[in-house]
Amino acid sequence: MNEYRIDCTQLKDRASAHEYLAKVFSFPEWYGKNLDALFDLLRDLEDCTVIIENTDALSTLGVYGEALISTIKDAAKENFNIKIFTKTYLKQSSNITDIK
């Protein structure tokens, strides 16, 4: 099982966020660097754990930071091979767990 760690302090703006995520997940060069492309590639991941750290830092991205996390969680809802752990989000599904 692969483990991916997303340090939200690295997500400074939209462009750097997608560059960082492309590295974290080893996305192909043709990754579209937008939320739709992120969703599509995450939906196809095999058995893995995604740990989202320092979620408070997402405030620098404003609404886009919230949309980014929602995109990751939505992909996990469709792909039950993805297990997500965060530190601040309270809503849980069968494969999304909060670290307290």
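The paragraphs below lead through a predicted model, moving from the overall order of its elements to one helix pair and then to three residues in strands.

The secondary structure of the chain comes to 3 helices and 4 strands, and read from the N terminus these elements follow one another in the order β-α-α-β-α-β-β. Of the 100 residues in the chain, 47% count as buried. When contacts between residues at least 6 apart in sequence are considered, 57% of them join residues that are at least 24 apart.

Two of the helices can be followed as a pair. In general, two packed helices are described by the angle between their axes and the distance between the axes. Here helix α2, which covers residues 35–43, packs with helix α3, residues 63–78, at an angle of about 25 degrees and with the axes 9 Å apart. Because angles under 35 degrees count as roughly parallel, α2 and α3 are described as roughly parallel to each other, and their crossing is right-handed. On the α2 side, the contact is made by Leu35, Leu38, Phe39, Leu42 and Arg43, which meet Tyr64, Ala67, Leu68, Thr71, Ile72, Asp74, Ala75 and Glu78 of α3. Sorted by character, the residues of this contact comprise 9 nonpolar, 1 polar and 3 charged.

The strands can be approached through individual residues, beginning with Tyr4, which lies in strand β1, residues 2–7. Tyr4 counts as buried because its relative accessibility is 13%, and buried means under 20%. If residues up to four places away in sequence are not counted, Tyr4 touches Val24, Phe25, Leu45, Cys48, Thr49, Val50 and Ile51. Between Tyr4 and Leu21, which are 17 residues apart in sequence, the C-alpha to C-alpha distance is 9.7 Å.

Strand β2, residues 48–53, contains Glu53. With its neighbours within four places in sequence left aside, Glu53 is in contact with Arg5, Ile6, Asp7 and Cys8, and with Arg5 there is also a polar contact from side chain to side chain, at 2.6 Å. Of the residues that Tyr4 touches, Cys48, Thr49, Val50 and Ile51 belong to the span of β2, residues 48–53.

Val50 also leads to the third residue, Ile82: the two are 32 residues apart in sequence, yet their C-alpha atoms are 7.0 Å apart in space. Ile82 is placed in strand β3, residues 82–86, and at 2% relative accessibility Ile82 counts as buried.

Technical notes:
Residues are numbered from 1 along each chain as its sequence is written. This is a predicted model: local features need pLDDT of at least 70, side-chain atom pairs count only at pLDDT 80 or more; totals for chains, interfaces and linings use all residues. Side-chain values use heavy atoms; hydrogens and water are left out. Axes are lines fitted to C-alpha atoms, for helices over the stretch in contact, and angles run from 0 to 180 degrees between N-to-C directions. Helices (H or I, at least four residues) and strands (E, at least two) are DSSP runs, numbered from the N terminus. Angles under 35 degrees count as roughly parallel, over 145 as roughly antiparallel, 65 to 115 as roughly perpendicular and the rest as oblique. A crossing is left-handed if the near helix is turned anticlockwise from the far one by less than a right angle, and right-handed if clockwise. Contact means heavy atoms within 4.5 Å. Ala, Val, Leu, Ile, Met, Phe, Trp, Tyr, Cys and Pro count as nonpolar, Asp, Glu, Lys and Arg as charged, and the others, Gly among them, as polar. Buried means under 20% relative accessible area, exposed over 50%, partly exposed in between (1.4 Å probe, protein chains only). A polar contact is a pair of N or O atoms within 3.5 Å; within protein, one must be able to donate a hydrogen and the other to accept it, and residues adjacent in sequence count only if both atoms are side-chain atoms.
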